[in-house]
Every structure is written in C-alpha cells, then in structure tokens.
Amino acid sequence: MKELNIFIRPEKLEDVKAVLDKIHCGGMTLSTCMGCGTQKGVSDEGSVNEIKGYKTTINLLPKVKVEVVVNDKDVETVISNICEVCATDHVGDGKIFIKDVEDAVRIRTGERGVKAL
Ligand SMILES: Nc1ncnc2c1ncn2[C@@H]1O[C@H](COP(=O)(O)OP(=O)(O)OP(=O)(O)O)[C@@H](O)[C@H]1O
Ligand SMILES: [Mg+2]
C-alpha cells in the first residue's frame, strides 16, 4: 500500500475525485491549505503577500491536499491520471508525494492491510 499526498489547484478537486472513484478507492481525506513551490507563491495571476495580517517574504497560495491510501497496483494509474487532469501548462499545477504504508486497520471489523482500505 502507498499513501499519496496530492497537492492540487482547488478547481481541480472534482477531476481528482473522479480519478480516485475510477479505481474504487476505499476513502480519502481532504484539507484546504496554503502552500508554495519553487516560485515561492508567485503565480501567473500575481501573489498574496500578507497572510492573516502578517507580512511574509514567502507568498502562499490556496491549494487542496488530498490524502489517499491505495493498493500498490493502482499507484501508477492514479499518478498518470492525476497528471493528465491537473496539468494546465502553468506553474502551480501541483505535486504528488508517495509514501509506503506498512499496514491498515478497519476499526469496525479488525480487517488488516488492503482489506482495510
Ligand atoms: N517540497 C514541498 N514540500 C511540501 N509541499 C510542497 C512542496 N512542493 C510543493 N508543495 C505543495 O504543492 C503545491 C504546488 O506546488 P507547485 O506545483 O507550485 O510546485 P513547483 O515545484 O513550484 O512546480 P511548478 O514549477 O510547476 O509550479 C504547493 O503550493 C505546496 O502546497
Ligand atoms: Mg510552483
């Protein structure tokens, strides 16, 4: 099993949900967040230089983070399909971080591993 931490543009969320639905993912967790990559928050449309009233040298832009744990066999499909739906050819399209997951437990039944996904 692998955990994918997927940072995307907020407007791409429905497309990403459709990709995950296609592989029948067992669940997902979503957070709205602020973030930056190599441009330090400068987008094609400009930047935010104040966060909650505090000046900052690094500008952060609104992003959505999707956390999903998937079966190993689905990892490359998810990655390529997300790249396909999220790529706009502009900076800030997002990033995917991939981590190994040792085990999982469905609390209601005690099922372990991929059965718990
Ligand atoms: N190294 C990182 N660690 C944690 N979060 C990151 C990292 N890089 C990117 N992110 C998250 O991903 C979001 C999107 O990053 P972004 O697509 O701008 O990456 P990039 O490396 O600058 O690529 P690009 O040049 O295409 O913009 C960021 O706003 C941030 O939330
Ligand atoms: Mg960037």
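1. In this predicted model, Ile-6 has Val-66 of strand β5 as its bridge partner. That pairing belongs to the contact between β1 and β5, two strands that run antiparallel and are joined by seven bridges. Strand β1 covers residues 2–8, and β5 covers residues 61–70.

2. Val-66 in β5 also stands opposite Leu-30. A further opposed pair is Ser-31 with Lys-65, the latter again in β5. Strands β2 and β5 are antiparallel, and seven bridges connect them.

3. The wider arrangement follows from these pairings. Four strands form an open sheet in the order β2-β5-β1-β6, and the pairing is antiparallel. Strand β2, residues 29–35, and strand β6 occupy the edges; each has a single partner strand, so one side of each lacks a neighbour in the sheet. From one strand to the next, the twist averages 20 degrees.

4. Two helices should be considered together with the sheet. Helix α1, formed by residues 13–22, lies across β1, β2 and β5, and runs at about 5 degrees to β5. Helix α2, formed by residues 75–86, packs on the sheet and touches β1, β5 and β6. The direction of α2 makes about 5 degrees with that of β1. Strands β1 and β5 are thus named among the contacts of α1 and again among those of α2.

5. The surroundings of ligand 1 merit separate attention. The ligand is surrounded by 13 residues, and the closest are Thr-38, Gln-39, Gly-92, Gly-94 and Lys-95. By class, this shell consists of four nonpolar, six polar and three charged residues. Which element gives the most to the shell around ligand 1? It is strand β6, residues 94–100, which supplies three residues. Strand β6 is also one of the edge strands of the sheet.

6. Three individual contacts with oxygen atoms of ligand 1 may be checked in the model. Gln-39 places a polar side-chain atom 2.9 Å from an oxygen atom of the ligand. For Gly-94, a backbone N or O atom lies 2.8 Å from a ligand oxygen atom. Lys-95 contributes a polar side-chain atom at 2.9 Å from an oxygen atom of ligand 1. How much of the area that ligand 1 exposes when taken alone does the protein bury? Taken alone, the ligand exposes 610 Å², and the protein buries 70% of that area.

Terms used:
Residues numbered from 1 in each chain as written. Chains lettered and ligands numbered in written order. Predicted model: local features only at pLDDT ≥ 70, side-chain atom pairs only at ≥ 80, totals over all residues. Heavy atoms only, no water. Near = heavy atom within 4 Å. Polar contact = N/O pair within 3.5 Å; in protein donor to acceptor, adjacent residues only side chain to side chain. Areas by Shrake-Rupley, 256 points an atom, 1.4 Å probe, with all protein chains shown as cover. Nonpolar A, V, L, I, M, F, W, Y, C, P; charged D, E, K, R; others polar. Pairing = 2+ DSSP bridges. Axes fitted to C-alpha atoms, helices over the stretch in contact; angles between N-to-C directions. Contact = heavy atoms within 4.5 Å.
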